[in-house]
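Please open the model in your viewer and keep the selection tool at hand, since this tour moves from one selection to the next. At each stop you will be told what to pick and what to look for there.

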Amino acid sequence: MRIVVRSSLITLLLAFIVIQFFQPEKNSEEVSSNHIFKQVEVPENIQTLLTNACLDCHSNHTKYWWYNHIAPVSWMVDNHITEGKSELNFSDWGTMDIFEKITILEEICQEAERKSMPLKSYRAIHPQAKLSDQQIAELCDWTTKLAEELLADAAGE
């Protein structure tokens, strides 16, 4: 019995070591001119909020922590980033049309109010990503104001 347990543990350890060689590509592009921070005048408090709670999964640049380099955690993180960017990528803000931006801004507020974003698993590991009711209100005020400005710009064209 001890031989079976020892063999199983050695096999698991070797498998863990081997999977470390299969890491996903990192999401680490430089901030481009299409990034929302380059396209829109974003107040500092909202920039901080977006950076802490959104940009790791919803932009082309993720701040990686030590645990993000360990498989299979790295695979899970890569999956979250891929899914997040498919829904919203702040790095592509400059390439979106006005109506797409307005829809996204409404969805940002709705997701924050429902507390479905950021994900619970992300908030658990990143306490700065947990938004207070005041931060959610500030975010929604900003998204509403920006959506109104975009709509006024569209009507003025």
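The tour below visits the core, the cysteines, a surface patch and a loop. Please keep in mind throughout that this is a predicted model.

**Stop 1: the core**

Begin by selecting L50, F90, W93, L105, L139 and W142, which are the residues with the most contacts inside the largest nonpolar core, a set of 29 residues. Next, colour helix 3 (44-53), helix 5 (98-114) and helix 7 (133-156), since these are the elements that give two or more residues to this core. Helix 7 gives the most, with seven residues. In soluble globular proteins, nonpolar side chains tend to be buried together.

Which residues does L105 touch, once those up to four places away in sequence are left out? Centre the view on L105 and show its surroundings, where you should find W93, W142, T143, L146, A147 and L150.

**Stop 2: the cysteines**

Now select C109 and C140, which are joined by a disulfide with an S to S distance of 2.1 Å. The structure holds one disulfide. C109 lies in helix 5 and C140 in helix 7, so the pair ties together parts that are 31 residues apart in sequence. If you look along the bond between the two sulfur atoms, the torsion about it is about 105°, so the disulfide is right-handed. Both C109 and C140 are buried.

Keep the cysteine sulfurs visible and move to C54, which is in no disulfide. Why is the sulfur of C57 not bonded to that of C54? The sulfur of C54 is the closest cysteine sulfur to that of C57, but it is 9.3 Å away, which is too far for a bond, because a disulfide requires sulfur atoms within 2.5 Å. Are these two cysteines buried or exposed? C54 counts as buried at 15% relative accessibility, and C57 is buried as well, with a relative accessible area of 18%, because the limit for calling a residue buried is under 20%.

**Stop 3: a nonpolar patch on the surface**

Turn to the surface and select I10, L13, L14, F16, I17, V18, F21, F22 and W75, which form a nonpolar patch with about 950 Å² of accessible area together. Helix 1 (residues 2-19) gives the most to this patch, with six residues. W75, by contrast, is found in helix 4 (residues 73-87), and W75 is partly exposed, with a relative accessible area of 37%.

While helix 1 is in view, select A15, which lies in that helix and counts as partly exposed at 37% relative accessibility. If you draw a distance from A15 to I70, the C-alpha atoms are separated by 13 Å, although the two residues are 55 residues apart along the chain.

**Stop 4: a loop residue**

Finally, select H69, which lies in the loop between helix 3 and helix 4 and counts as partly exposed at 41% relative accessibility. Leaving aside neighbours within four places in sequence, H69 is in contact with Q20, Q23, K26, Y64 and S74, so show these side chains beside it.

For a last distance, pick the C-alpha atoms of H69 and M117, which are 24 Å apart in space and belong to residues 48 apart in sequence.

Technical notes
Residues are numbered from 1 along each chain as its sequence is written. This is a predicted model: local features need pLDDT of at least 70, side-chain atom pairs count only at pLDDT 80 or more; totals for chains, interfaces and linings use all residues. Side-chain values use heavy atoms; hydrogens and water are left out. A nonpolar core is a set of buried Ala, Val, Leu, Ile, Met, Phe, Trp, Tyr and Cys residues joined through side-chain atoms within 4.5 Å. Buried means under 20% relative accessible area, exposed over 50%, partly exposed in between (1.4 Å probe, protein chains only). Helices (H or I, at least four residues) and strands (E, at least two) are DSSP runs, numbered from the N terminus. Contact means heavy atoms within 4.5 Å. Patches are made of residues with over 30% relative accessible area and no salt bridge: like charges are joined within 9 Å, nonpolar side chains (Val, Leu, Ile, Met, Phe, Trp, Tyr) within 5 Å. Accessible areas come from the Shrake-Rupley method with a 1.4 Å probe; for residues, only the protein chains shown count as cover. A salt bridge is a side-chain nitrogen of Lys or Arg within 4 Å of a carboxyl oxygen of Asp or Glu.
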